[in-house]
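Biologist: I am new to this structure and would like a close look at a single part of it, the meeting of one domain with another. Please start from the chain as a whole, and explain the terms as you go.

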Amino acid sequence: MVNVTLPDGSTLSVGNGTTPIQIAERIDPALAKAAVAARVNGKVVDLSTPIVNNVDVQIVTANDDKGLEIMRHSCAHVMAEAICSIWPATKLVYGPAVEDGFYYDIDLDEPIRPDDFGRIEQKMQEIVAADRPFIRKEMSKIQALAKLAGDRYKLDNIDHADSDIISFYSHGDGFEDLCRGPHVPSTGRVGNFKIMSVAGAYWHGDPTQKMLQRVYGTAWAAKQELDDYLQRLEEAKKRDHRVLGRHLDLFSFNEAGPGFAFIHPKGMIIWNEIVNYWRGVHNRYGYQEIKTPLILNEQLWHKSGHWDNYKENMYFTAFDNVSYAIKPMNCPGGCLVYKTRQHSYREFPMRVAELGLVHRHEASGVIHGLFRVRQFTQDDAHIFCTPQQIESEVIGVIELTFEIYRTFGFEDFHVELSTKPEKHIGSDQVWDIATGALKGALEHKAIAYKINEGEGAFYGPKIDFHIKDCLKRSWQLGTIQLDFSMPERFGLTYTDRDNTEKTPVMIHRAVLGSFERFIGILIEHYAGNLPLWLSPEQVRILPISEKTNDYAGVVQTKLKQAGLRCSCDLSDEKIGAKIARAHGEKLPCMLVVGPKEAQSNTVNVRLRGIQPNKTVPIEEFLEAAKRKIVNKETDFVL
RNA sequence: GCCGAUGUAGCUCAACGGUAGAGCACGGCUUUCGUAAAGCCGGGGUUGAGGGUUCAAAUCCCUCCAUCGGCUCCA
């Protein structure tokens, strides 16, 4: 007999060799029915694993994150069997669970098409209906290597396994796959699934390796959860900034310039509002602003190190037999401005901002709306300071950054620290000092951070800021990068207190990262329902009929004088149609005016997403609206 | 850049070898209306570009371009 301790602290005495499923059965048959795996002393195992010692046991169901992951992984196996039965030439590579589902990488020369998903699913349903048990078989590494001789992918998987015991799982008609497990007890337990897409994926993510086919699926314990998930995808599609950008006439793209955004008048209003706000905050934090040329002599980029480290992404041009580069970064230009005169330690820290338009040639396959473009405006700044000032400057940037994010309604953010990459310039010692300074600032602010080894910029380590939007998707926005190399390369100096010439430290930083991308993120975050202060059109006046067009004009004049962006809908549509149209354009605020309002100098205020409407004097509405705009409030209630 | 898919009117889509259509949007007219779309009429397309097959191509084939989903990369 052995004793098993359950999560609630109670113990059960069971026979040696009892399995978790039998234990679940004893606790509650309903639990046994829901069980997908078990945690034995914290390790997740199959429900059929015999228990031979005194252990802690927890039954894992699909409600548990780990249980869901196991279920999805098992679903991947079922899909693999289905694919192999349809395409016997399929070679299986690797099939893990991922967020919301799973994928399986396969090597098959014949492309799988979306049209094939139906029959894959059908085959999977057959396998599920058969409800065959997943059976684990263990053998030594040597036996396994012999068994899989000739299968380069599975042999490779064994090479990556850290255990000397290699396991296989089988289910169904002789289908067997090398797998660490654990798995659900049988194929009837892989949940509610759907094949989502198929895409190419390099073996090991290595572009020099063969391109495999990656078939993605999603799987959920309950049918309702699957439906909800598909529903969420539909919702996300409606928020897609590319769709909303076209619909709301904010920006466009054209084949004439792939990756180059055309910002329309309404988009420019959003842009300029952000810039105005951004300037105000930077002014308050002691920044100056400069503007440097788009095109600079190629030699400059040799000097800066970009030629050696970034050439593949740069655009070039030539004139009068002189080669020029179109700037991919603003820093060299900033250095040239710095060099135009002498500097003293008394000026430090010197914070110099630049809304710089940069061009980077991104691979054609990665361009994506405003999120990934080839031309964008960075909200860049370079801080020149002494080594002693680094930490406090980094702290200042962190505070500025968080303040700006909160203004836009982003409360959920996290920080990552990236260290020295393989391809880098500068000595190890310098890298250590720089990395230490960043860590010091983060620890001083008691900010938790994740470390990304080897992912820093070629000239220095960096901190990246990530925010989560309302759909919990993470976006990288800001960055702080320390740079000891570029000041050196450009021969930047300052006169220190002791009257000697020294080299300043340069801190590169961006808060929003790219204006283009940030506007895209805002559009999706707000689902196009921009707060009043950012709305291209803040108020629309809707006369009931032609008879109150004049009064509508009077109201509009007052609003315009108060600085509000507003228009009148003078079309001869009925009021319902005018309202529907304004809602479609995501107007934050509509003022319905008819004879009643005209007589009493009032407006009937209809706010986006808020009922009931309210009739108030024009002045009252005006004051409320102005207050909301000044405070940049995201909600608007009268 | 690589793999796969997709390009038809401003937008969303139909037609899938035999005269390119619809809804919305746009223009004109009627209507003057009280809270999420009133009616009629009209203009608008070398079907992404180029080549090929065919009596005949939006439709089949090839090349290129762009877009979408991934991989890789990144703000």
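Modeller: In chain A, 68% of the contacts with a separation of 6 or more are between residues that stand 24 or more positions apart, a contact meaning heavy atoms within 4.5 Å. This is a predicted model, in which local features need pLDDT of at least 70 and side-chain atom pairs count only at pLDDT 80 or more, while totals for chains, interfaces and linings use all residues. Residues are numbered from 1 along each chain as its sequence is written, chains are lettered from A and ligands numbered from 1 in the order in which they are written, and side-chain values use heavy atoms, with hydrogens and water left out.

Chain A has 638 residues, of which 50% count as buried; buried means under 20% relative accessible area, exposed means over 50%, and partly exposed is in between, with a 1.4 Å probe and protein chains only. Taken along the principal axes, the C-alpha atoms fill a box of roughly 85 × 75 × 55 Å. The chain holds 20 helices and 33 strands, which are DSSP runs numbered from the N terminus, helices being H or I with at least four residues and strands being E with at least two.

The domain assignment divides chain A into domain 1 (2-61), domain 2 (66-236), domain 3 (251-294 + 329-525) and domain 4 (532-630), with bounds that come from an automatic or database assignment. The part to look at closely is the meeting of domain 3 and domain 4, whose C-alpha centres lie 40 Å apart. To this contact domain 3 brings 9 residues and domain 4 brings 6 residues.

The size of an interface is often given as the accessible area lost when the parts come together. Here domain 3 and domain 4 bury about 640 Å² between them, with 73% of it on carbon and sulfur atoms; buried area is the accessible area, with a 1.4 Å probe, that two parts lose on being put together, summed over both. On the side of domain 3, the residues that lose the most area to domain 4 are Lys266, Ile269 and Glu273, together 60% of what that side buries.

Glu273 also takes part in a salt bridge with Arg565, in which the closest N and O atoms are 2.7 Å apart. A salt bridge is a side-chain nitrogen of Lys or Arg within 4 Å of a carboxyl oxygen of Asp or Glu, and by this rule there is 1 across the interface of domain 3 and domain 4. Helix α9 (residues 265-284) gives the most to the side of domain 3 that touches domain 4, with 6 residues.

Away from that interface, His508 lies in strand β28 (residues 505-514) and counts as buried at 4% relative accessibility. Its side chain makes a polar contact of 3.3 Å with the side chain of His382, and another polar contact, of 2.8 Å, joins the side chains of His508 and Asp483. A polar contact is a pair of N or O atoms within 3.5 Å; within protein, one must be able to donate a hydrogen and the other to accept it, and residues adjacent in sequence count only if both atoms are side-chain atoms. Leaving aside neighbours within four places in sequence, the residues in contact with His508 include Cys331, Tyr459 and Met486.
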